[in-house]
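Subject: Structure handover

Hello,

Here is the structure I said I would pass on. My notes on it follow below.

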Amino acid sequence: MSLDWIASQGGPLRGRIRVPGDKSISHRAVMFAAIAEGTSRITGFLEGEDTRATARVFGQLGVRIEARAPSERIVHGVGLDGLRAPDAPLDCGNAGTGMRLLAGLLAGQKFDSVLVGDESLSKRPMRRVTDPLARMGARIDATGDGLPPLHVHGGAVLRGIDYASPVASAQVKSAVLLAGLYGDGRTRVVEPHPTRDYSERMLRAFGAEIEFAPGEAVVAGRPRLRATDVDVPADFSSAAFFIVAAATAPGSDLLIEAVGMNPRRTGLLEALRLMGADIAIESPREQGGEPVADLRVRASRLRGIDVPVALVPDMIDEFPALFAAAACADGLTTVSGAAELRVKESDRIAAMAAGLRTLGIVVDERPDGAMIEGGQARGGDVDSLGDHRIAMSLAVLAQRASGEVRVRDVANVATSFPGFVELAGDAGLRIAPVIPTA
Ligand code: S3P
């Protein structure tokens, strides 16, 4: 069923909040624990639709996963060769990470499998993973356009390759490394720009033989993976909506607790600071081998900037939120070098440009970015196109609009951020769900 929000000017954001667990780490924790030997306990697991879909897929592959308490999973790993043939297609839902990483992992199995997804995922490019996996000897069929569903043929003999990826993508890197676990010899991936290294860190923690540095990773085939507990930090990308909301709502002083601060994720902080945001990093510490910190965000006047292209991969999921900040800033913000945004859960450049324009903000769309002239947003009727991050970003911008904003098609917020509306309400935002009658 379709769901909309009515969002309107809220008060300052105050108090302390904690956002749910990291999506990227939650996916990987389930996957690696499933093919390790022994029982792993995952805490801080994201109870989102994307990560639950991944857990369900491993259930279909014969892995027993217990959910004894919210945000906890006990995964009874079956070892590298212990997965069993599924008796139905594996539904990854909305999750690009789920499907692309599973393509790599399933390429090395003895059995056939089929990966399917929802309407949005069914439009997302898969050649970026099927091409390098084919070079390793995998046999995966996609549609003629390189789209899902993916038919992964079992019984392929994989060999390690040396792969220079043309895209800066942690999903591509991880898919190749996962196939590399099943391959002969070593598999090396070099990236055009370093991306999040959760697969590398976690594979090492599970006992794989892996060397990595920013932009490069080499894994040895046929390791014995050992069960390991994973404590998932809070998702920086979910915190991002509250960071922008607090930075732009006059009088705000908000503390966001224990946020994952992996440097490959926190480019938005740097961009917002260049815009004049007041964000303090408090009590930096480690959680489960990842840096975390409390973020204290106070409102300030933001000014437009040219977002440094070097920051783009480190804030790739945060551009919808950045567009909302740019709409509230004085002057022009320019985004370039971000063409990848066009193949996310929606075309995020087009989706945000359309939303901002409806609310009276001047946007000049470019193939690889946009120019956004900050101004006073007005009320209006905007469409998230079923993209969770577009929905939350437009609701954040609505907090500064002069009239009511209807944000359409927001149900997919549950893929990454269950409880967003309630938490937003606690923090001071005004967002009310409405179920359209027609
Ligand atoms: C992710 C990698 C990024 C990111 C996505 C999660 C991951 O995608 O946008 O939300 O968990 O590896 P790309 O690899 O396509 O850049």
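To start with the backbone: P149 sits in the loop between β8 (139-141) and β9 (150-153). Please keep in mind throughout that this is a predicted model. The peptide bond that leads from P148 to P149 is cis, and its omega is near 0°. A second backbone feature is at R222, which has a positive phi of about 55° although it is not a glycine. R222 also belongs to a loop, the one between β13 (216-220) and β14 (230-231). As background, most peptide bonds are trans, and most residues other than glycine have a negative phi.

Next, the helix packing. Two packed helices are described by the angle between their axes and the distance between the axes. For α3 and α5, the angle is about 25° and the axes are 7 Å apart. Angles under 35 degrees count as roughly parallel, and α3 and α5 are therefore roughly parallel to each other. The crossing in which α3 passes α5 is right-handed. On the α3 side, the contact is made by G96, T97, R100, L101, G104 and L105; on the α5 side, by Q171, S174, A175, L178 and A179. Sorted by class, this contact of α3 with α5 has five nonpolar residues, five polar and one charged.

The other pair is helix α7 (residues 236-248) with helix α11 (residues 388-398), packed at an angle of about 15° with their axes 9 Å apart. That angle makes α7 roughly parallel to α11. The crossing of α7 and α11 is right-handed. From α7, the residues that make the contact are S237, F241, V244 and A245, and they meet R389, M392, S393 and V396 of α11. The residues in the contact of α7 with α11 divide into five nonpolar, two polar and one charged.

Last, the empty space. The largest pocket holds about 660 Å³ of space. Its lining is made up of 40 residues, and A168, S169, I316, E340 and K344 are those nearest the centre of the pocket. Which elements give two or more residues to this lining? They are α1 (23-34), α3 (96-106) and α5 (170-181), so named here with their residue ranges. Four residues of the lining come from α1, which gives the most. By class, the lining of the largest pocket has 16 charged, 13 nonpolar and 11 polar residues. The helices α3 and α5 thus appear twice in these notes, as a packed pair and in the pocket lining.

Regards

Key:
Residues are numbered from 1 along each chain as its sequence is written. This is a predicted model: local features need pLDDT of at least 70, side-chain atom pairs count only at pLDDT 80 or more; totals for chains, interfaces and linings use all residues. Side-chain values use heavy atoms; hydrogens and water are left out. Axes are lines fitted to C-alpha atoms, for helices over the stretch in contact, and angles run from 0 to 180 degrees between N-to-C directions. Angles under 35 degrees count as roughly parallel, over 145 as roughly antiparallel, 65 to 115 as roughly perpendicular and the rest as oblique. A crossing is left-handed if the near helix is turned anticlockwise from the far one by less than a right angle, and right-handed if clockwise. Contact means heavy atoms within 4.5 Å. Ala, Val, Leu, Ile, Met, Phe, Trp, Tyr, Cys and Pro count as nonpolar, Asp, Glu, Lys and Arg as charged, and the others, Gly among them, as polar. On a 1 Å grid over the protein atoms alone, a cavity is a set of points where a 1.4 Å probe fits but cannot get out, and a pocket is an open set with protein on both sides within 12 Å along at least five of seven lines; lining residues have an atom within 4 Å of a point. Grid points are joined across faces, edges and corners, and a volume is the space filled by probe spheres set on the points.
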